[in-house]
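Reader: I'm in my first year and still learning how to read a structure. Could you pick one part of this model, look at it closely with me, and then work outwards from there?

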Amino acid sequence: MRVHVVSDVHGNAEALARAGDGADALLVLGDLVDFVDYQNPDRGILGRVLGPDVSRRFGEIRTNGRPGDLMEFARAAWSAVPDPPAVVADAVREQYAELFAVMSAPTWAIPGNVDQPELWPEFVRDGVVAADGQVVTLGGLRFGFVGGAPLPPGVEPRRGGPWKPNLLRAEEFDAAVARMGPVDVLCSHVPPAVPDLAYDVVSRRAESSSAALLDVCLRDRARAALFGHVHQPLAARARVGSTECVNVGHFRRTGVPYVLRW
């Protein structure tokens, strides 16, 4: 079997159209949407709707701002747009229409933290499966899929605003992981809670990760744990017991899928 795995597509439909070439299956581990393009501020939903200056400043505050600065800046920027949630939803639908159309069959996909999974039923089709919460057998191995990203314990999802990130309460995310049962290959958007895997060397902070995913590695002695989310990780892979934990890469930038063979 040869399976190609991508994550953090962020609007790169051209590369996604080739991602399944030569593979028996394609796995997409989330963040299809290009909301803020940190390399090109003209692109992404923020850049196209609010302009490159806003997009560029958003990236600067995300990297260097104080707690609360980013939310305050985004609130002020979107206040100039009539009905921001509708504008964002239309922009997301436009991206999803292009991205889902180029996915090769068979594809199993899960949402990341910037995705809007409630819109996915409009775009999935024969051979392209919204796999969040599913366990699928491929080539005799059990692949378990968990999408989204967990919030810190005790933190509630943000209400209101033009953009609703796909962030789950910690207990909800942990329950989704527990429902999978034993797996051979763990597929998620965020990494297991291994510090070197979660730390982004550019943003200089630990990104979201999951202790529940780490527990699965230790419990099931899975062959592999595959994920994305951290664009510039301190470590792209790590061994946890018998499990090889691999960040499959920032596909928006590389355009190259991770290849899993067995």
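Author: Let's begin with P162, which in this predicted model has contacts with W78, P84, P85 and V88, once its neighbours within four places in sequence are left aside. P162 itself sits in the loop between strand 7 (149-150) and strand 8 (167-168). Try finding A74 as well: 88 residues separate P162 and A74 in sequence, yet their C-alpha atoms are 9.3 Å apart in space.

A74 takes us to a pair of helices. A74 is one of the residues of helix 4 that make the contact with helix 3; V54, R57, F58, I61 and R62 come from helix 3, while D69, L70, F73, A74 and A77 come from helix 4. Sorted by kind, the residues of this contact are seven nonpolar, no polar and three charged. The axes of helix 3 and helix 4 come within 9 Å and cross at roughly 165°. Angles over 145 degrees count as roughly antiparallel, and therefore helix 3 and helix 4 are described as roughly antiparallel to each other. Their crossing is left-handed.

Follow the chain onwards from helix 4 and you reach the loop between helix 4 and helix 5, where D83 lies. D83 is worth a pause: its phi is positive, about 50°, although D83 is not a glycine. Beyond helix 5, in the loop between helix 5 and strand 3, you will find P106. The peptide bond from A105 to P106 is cis, with omega near 0°.

Now for what lies inside. The largest nonpolar core has 36 residues, and L16, L32 and Y96 touch the most other members. Helix 1 (13-16), strand 2 (25-28), helix 2 (44-50), helix 3 (52-64), helix 4 (69-78) and helix 5 (84-102) are the elements that give two or more residues to this core. Helix 5 gives the most, with six residues. Beyond its neighbours within four places in sequence, Y96 is in contact with L32, V33, A101, D115, Q116, L119, W120 and F123.

One name in that list, D115, deserves its own look. D115 has its place in the loop between strand 3 (107-109) and strand 4 (128-130). Its relative accessibility is 0%, so D115 counts as buried. Apart from residues up to four places away in sequence, D115 touches G30, D31, L32, V33, Y96, W120, K164 and N166. For a sense of distance, D115 and R48 are 67 residues apart in sequence and 18 Å apart in space, C-alpha to C-alpha.

There is also a second, separate core of 23 residues, which includes L168, V177, A238 and V240. V177 leads us to another helix pair: F173, D174 and V177 of helix 6 make a contact with A212, L213 and V216 of helix 8. The axes of helix 6 (residues 170-179) and helix 8 (residues 211-220) come within 9 Å and cross at roughly 20°, which means that helix 6 is roughly parallel to helix 8. This crossing is right-handed. Five nonpolar, no polar and one charged is how the residues of this contact divide.

Last stop: H229, in the loop between strand 12 (224-227) and strand 13 (237-240). H229 has a positive phi, near 75°, in a residue other than glycine. With 10% relative accessibility, H229 counts as buried, because buried means under 20%.

How values were computed
Residues are numbered from 1 along each chain as its sequence is written. This is a predicted model: local features need pLDDT of at least 70, side-chain atom pairs count only at pLDDT 80 or more; totals for chains, interfaces and linings use all residues. Side-chain values use heavy atoms; hydrogens and water are left out. A nonpolar core is a set of buried Ala, Val, Leu, Ile, Met, Phe, Trp, Tyr and Cys residues joined through side-chain atoms within 4.5 Å. Buried means under 20% relative accessible area, exposed over 50%, partly exposed in between (1.4 Å probe, protein chains only). Helices (H or I, at least four residues) and strands (E, at least two) are DSSP runs, numbered from the N terminus. Contact means heavy atoms within 4.5 Å. Axes are lines fitted to C-alpha atoms, for helices over the stretch in contact, and angles run from 0 to 180 degrees between N-to-C directions. Angles under 35 degrees count as roughly parallel, over 145 as roughly antiparallel, 65 to 115 as roughly perpendicular and the rest as oblique. A crossing is left-handed if the near helix is turned anticlockwise from the far one by less than a right angle, and right-handed if clockwise. Ala, Val, Leu, Ile, Met, Phe, Trp, Tyr, Cys and Pro count as nonpolar, Asp, Glu, Lys and Arg as charged, and the others, Gly among them, as polar.
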